[in-house]
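User: I should like to discuss the fold and the core of this protein. Please explain the terms as they arise.
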Amino acid sequence: GLKSTRIRSISGEMVVVSNSNLLGSRIRNYKDLTKRRIVFSTGVTYETRPELLKRIPSIIRDAVQSVQKSEFDRCNLCACSDSSLDFETVYYLAEPDYKAYMDSHEKVLLTIIEAFAAEKIDMAFPTQTLYIKK
């Protein structure tokens, strides 16, 4: 219409937005999506041996490549956080469907968890070590 636009939300309801608000907003059209960029972090404990730290990018690459229609981009040690050594991974999935994306990403994560267990690599969670001086 002249004053407002109706948009169907992802959860199904109709959203009415005034055209003045619409012009000042960003609109993301997922219908034309051809591939998804997925970015996620994986944290491991500080006790992880250096030789295992060097293997983590290849373990994650193999997990990503085990999924159909995936394209591995990179995996790097990116941060020494408060309670973990963090790796950032980026890959693309040539599948626009959200459910297919979630199923594929779940498979990637489960494959990483299984590989880490086999290699005895501990995933990190928030912890603190307290040193008491006498």
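User: Which pattern does the protein chain follow, read along the sequence?

Analyst: This is a predicted model, in which local features need pLDDT of at least 70, side-chain atom pairs count only at pLDDT 80 or more, and totals for chains, interfaces and linings use all residues. Residues are numbered from 1 along each chain as its sequence is written, and side-chain values use heavy atoms, with hydrogens and water left out. Helices (H or I, at least four residues) and strands (E, at least two) are DSSP runs, numbered from the N terminus. The protein chain has three helices and five strands, in the pattern β-β-α-β-α-β-β-α.

User: What radius of gyration does the protein chain have?

Analyst: The radius is taken over C-alpha atoms, and the globule rule is 2.2 Å times the number of residues to the power 0.38. A compact globule of 134 residues would have a value near 14 Å, whereas the protein chain has 21 Å.

User: Which element gives the most to the largest nonpolar core?

Analyst: Such a core is a set of buried (under 20% relative accessible area, 1.4 Å probe, protein chains only) Ala, Val, Leu, Ile, Met, Phe, Trp, Tyr and Cys residues joined through side-chain atoms within 4.5 Å. Of its 21 residues, Val 44, Ile 56 and Val 108 touch the most other members. At least two residues each come from β3 (36–44), α2 (50–65), β5 (85–93) and α3 (98–119). With seven residues, the leading contributor is α2.

User: Which residue of α3 does Val 44 touch?

Analyst: Contact means heavy atoms within 4.5 Å. Not counting residues up to four places away in sequence, Val 44 touches residues including Leu 53, Ile 56, Phe 87 and Phe 116. Since α3 spans 98–119, the residue asked for is Phe 116.

Key:
Buried means under 20% relative accessible area, exposed over 50%, partly exposed in between (1.4 Å probe, protein chains only).
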